[in-house]
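Biologist: Thanks for sitting down with me over this model. Please put it up, and I will start with the spaces inside and then move on to the chain contacts.

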Amino acid sequence: MEARSAPLGGLGCRGLVAAPGGSPVLRGVDLDVPAGTRTVLVGPSGAGKTTLLRAICGLQAIEAGSIELGGRRIDRLPAYRRRCAVVFQEPRLLPHLDVGENVAFALRAAGARRAERRARARALLTEVGLDGFERRAADRLSGGEQQRVSLARALCAEPDILLLDEPISAVDANRREELRELIARLQGERGLTTLFVTHDRAEAAQMGERVALMLEGRIVQEDEPAALFQRPASPVVARFFGSANVLRGQVRDGRMSLGGVEVPVPGPDGEACVTIRPERVRLDPAGPLELRVGEAAYTGTWVRLRLRGEGLGLEAMVPPSQAPAAGELVGVALPLEEIWRIPDFEAVPEEGRRAGVRPRGGS
Amino acid sequence: MVERRLPRTVGTVAVLLFAAPLAVLVVQAFAEVWRYPALLPQRWGLRGFEVAFEGDQALQATLDSFEVALISTAAAILLAWPAARALARGPARLRTAAIVFLALPLLVPPLATGTGLAEWFIRLGLADTRVGVALAHLTVVLPYVLLVLIPGFNPRLRELEEMAASLGMGPVRRLVSVTLPGIRAVLAAAALLGFLVSWSQYGSSLAVGGGLPMLPLTLLPFVGSDPNVAAALSLLFLAPAVLALLLASRAAREAL
Amino acid sequence: MRSAAATARGATRRVPPDLLRLAPALLVTTLLFGGALLGALKQSVEPPLGGGPSTWSLASWRAVFADPTFLDALWFSIRLAVISSLAAALIALVLATLLRSRGPALKTTFSLPVTVPHLIVAVLAVAWLAPGGIAERALGSLPIGVVHAQSGLGIVLVYVYKETPFLVLLLLSVMGRTLRRREEASAVLGASPSQVLRWVVWPAVRRPLAVGSMIVGAFVLGAFEVPLVLGPNYPPTLATYAYQATQTSPLSGQGKAAASLLVAAAAAIALGLAALALARTEDG
């Protein structure tokens, strides 16, 4: 496969500002996607993810900043010269063309002959698991099948970057996992530089080699998936990634009091903010904290407990087999190595609410 | 920037398409003497209106036109309401067939419809009566009203009605407090269009009601012979359309 | 028991109510429209006075098709219909392309001629474009004759002014968000603006445009009051031919008038059904 695009360099966005419809949505976005890797852009709806993606591929004008792709500046180029292929949330197939011609659309735009388009479309359809679909009418396929066609169409363009805008969200829940795996596999085989947009933190963790969290028009943290979950840069990041346990207090002599229990906290003395993942909170009759279960909710795999007492509100995720009933008093232990001091806790004090993240349990 | 420029564009287009052409009508209606090649009349006055309403033929024609338009529109809405409700759902094939059949009268020259109807209306004593003319107009008013009304009975309205029914609301209360508010705008548009279609009818009015001339029949002979009178009558003839225009622009502004 | 009764009632209620709801409209249309066509047909086959005991005769039809004026009227009406619908389609295409990304206010403004009666548009055309009209007063002279022109240009202008907005609305209804999205998807795949126009926009608009143009053509085929006001003295349109026939000989003219109007009606219905067939193949 010599024709496969071998990216010389990845994507680099610097200081992107964009205001679709007059209101600022991108407020200075810096983002890198190293060549051949997969980065997931995650954030609540309204954060500007889709706008960023549209700015990269040239469907949204930018007011400031620069975009580099494969070693060239692309921000002044029209969309059709940028060599970005997009898989949109909706398949956006052309209803008057059959599936094969839809897949080979980029080849048609480049002036390829019909035989070549057919051959290429057939090969790509096989790769996305739609063997023999090329003569079908595009609008007679199921939503998941259409999205596969849309993926094949994007791959057919052999782009410098593949942009995916919540490609899974319109697909039947049972089919999502398949499609995710397919995307990851095809991307890996081709070494395609890829930016994948989602609002789902679990999907972000699963799909991303790197994850960038976007809030209110800025990238607030960009790291490996596990780092965003375990070492959030700010309380908002912690809450977005599912931790309601953002606890404030004073650090004196390197220790902080949590419900009367002194725990060691790194860094200078003074006001501090720590967090611990709910699934790391351990129920332990011998634990130093004694808290009351306010609420116990079964979520399908875990039971989420809201624990209260000793001036403390905590959330814990426990296996159903260990779950106490609401109202019970339980002993709780906080593994010290799981406590993370949030470095940047003053920056965005209450934005969690606006960003659509559940407010913290208590503080 | 675009937002600020837009109203001006709208204004320019409105002036070019309507205001300017229509202004001539206003000028001509009040121009007692307007000899070539002057750009403005030599003498202004109300002669056009005085001549137009000499005797009470024009006044009678206006009232007749108004009554006929009201009757045919009301009848069309009564007939189209249940039909539109039925045609907003159901098997696509039957729906298309019914809509095509009901819309067919739109395509046929109104003079043809009128001439054919006159054959029977003369025997039935309906020729040259307001009811007869209203019936002839109904042939085209009904399909227009129907076509506007159908999208009004969309699934969203039906869901609201189902919700109301599930809350124990009876058919009459449901009509008054759910259906009518939900379809108000569409119904108004349908009624307006129906009225204008009847008001503007020429061919069928002539064929069925030549002896009971509607406003356009009264107007036409003046176009060649006395532009001053023709303009005066045209202003009257145009009044409902202008009213429609004002209502539409208000609705558009509310939509913004 | 109760639920069974309810289901049974639901089943019997399902189909008939919709038919019942449709019945009044269908009945009235059948009576009025069917009656009109039958009435015209009856007039057209009425035997001529003193033509013997037969109850019907094709005399009027023969007379009409032997009349060179009728043939000229037929040809003239068809020509007007073709020219008006093509011109309206072309202008509508340009306008819709310009208007699609603009706000609702501008779209509403452009659609306003829909409310103005044909007769008024004709009166306006006379006021502006007739010899001695405003245009001539302002410019000194007009390069081409419009009102009463042999070519029928005045009639074409009136219909283009009236029907273009209808076509624009039709086009805008398929040039909405869905089409915009498809255009975006094509652009990022490397399709240039002209390719997008040819491969994405044109396939989406061509059928509604064709269907709308045919409907406009059907309207023009029935043109009556507009040619009365600003058409040429000769040839007439099919409808004015029918009118003249009844004016010149009230008795024998009736049959010829009905025959020529039926020809116009048949042509209009044929155009409408062709438009429908075209629209249907799009769905399939």
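Biologist: Which residues line the second largest cavity?

Modeller: A word on conventions before the names: this is a predicted model, with pLDDT of at least 70 needed for local features and 80 or more for side-chain atom pairs, while totals for chains, interfaces and linings use all residues. Residues count from 1 along each chain as its sequence is written, chains are lettered from A and ligands numbered from 1 in the order written, and side-chain values use heavy atoms, without hydrogens or water. A cavity is a set of points on a 1 Å grid over the protein atoms alone where a 1.4 Å probe fits but cannot get out, and lining residues have an atom within 4 Å of a point. By that rule the lining is B:R85, B:R89, B:F153, B:N154, B:L157, B:R158 and B:E161.

Biologist: Which helix gives the largest share of the lining of the second largest cavity?

Modeller: This cavity has a volume of about 40 Å³, counted as the space filled by probe spheres set on grid points that are joined across faces, edges and corners. Its lining divides into 2 nonpolar, 1 polar and 4 charged residues, where Ala, Val, Leu, Ile, Met, Phe, Trp, Tyr, Cys and Pro are nonpolar, Asp, Glu, Lys and Arg charged, and the others, Gly among them, polar. Helices (H or I, at least four residues) and strands (E, at least two) are DSSP runs, numbered from the N terminus. The largest share, 3 residues, comes from residues 155-166 of chain B, helix α7.

Biologist: Which residues are the closest to the centre of the second largest pocket?

Modeller: A pocket here is an open set of points with protein on both sides within 12 Å along at least five of seven lines. The second largest one has a volume of about 740 Å³. Of the 33 residues that line this pocket, the closest to its centre are C:Q43, C:P250, C:L251, C:Q254 and C:G255.

Biologist: How do the residues of the lining of that second largest pocket divide into nonpolar, polar and charged?

Modeller: Two chains supply elements to this lining: α5 (110-124) and α9 (203-209) of chain B, and α2 (59-66), α11 (238-248) and α12 (253-283) of chain C, each with at least two residues. By class, the lining residues come to 18 nonpolar, 11 polar and 4 charged.

Biologist: Between which chains are the most contacts?

Modeller: Contact means heavy atoms within 4.5 Å. Chain A and chain B have no contact, and their closest C-alpha atoms lie 9 Å apart. Among the 2 pairs of chains that touch, the most contacts are between chains B and C.

Biologist: What is the area buried between chain B and chain C?

Modeller: The size of an interface is often given as the accessible area lost when the parts come together; here that loss is taken with a 1.4 Å probe and summed over both parts. On this interface, 70 residues of chain B are in contact with 65 residues of chain C. Carbon and sulfur atoms give 80% of the buried area, which is about 6,100 Å².

Biologist: Which helix of chain B supplies the largest share of the side that touches chain C?

Modeller: The pair has 2 salt bridges, each a side-chain nitrogen of Lys or Arg within 4 Å of a carboxyl oxygen of Asp or Glu. B:R89, named above in the cavity lining, meets C:D18 in a salt bridge (3.2 Å, N to O). The largest share of the chain B side, 13 residues, comes from residues 2-29, helix α1.

Biologist: Which residues of chain A lose the most area to chain C?

Modeller: This contact takes 23 residues from chain A and 18 residues from chain C. About 1,800 Å² is buried between them, with 66% from carbon and sulfur atoms. Together giving 32% of what the chain A side buries, the residues that lose the most are A:Y80, A:R92 and A:F105.

Biologist: How many salt bridges does the rule find across the interface of chain A and chain C?

Modeller: One of them joins the side chains of C:R181 and A:E90 (3.8 Å, N to O). Across this interface the count is 3 salt bridges.

Biologist: How many residues apart in sequence are the parts that A:D32 and A:R14 tie together?

Modeller: Over all chains the count comes to 40 salt bridges. In one of them the side chains of A:D32 and A:R14 meet at 3.0 Å, N to O. A:D32 lies in strand β2 (residues 26-33) and A:R14 in strand β1 (residues 11-18) of chain A, so the distance in sequence between the parts tied together is 18 residues.

How values were computed: Buried area is the accessible area (1.4 Å probe) that two parts lose on being put together, summed over both.
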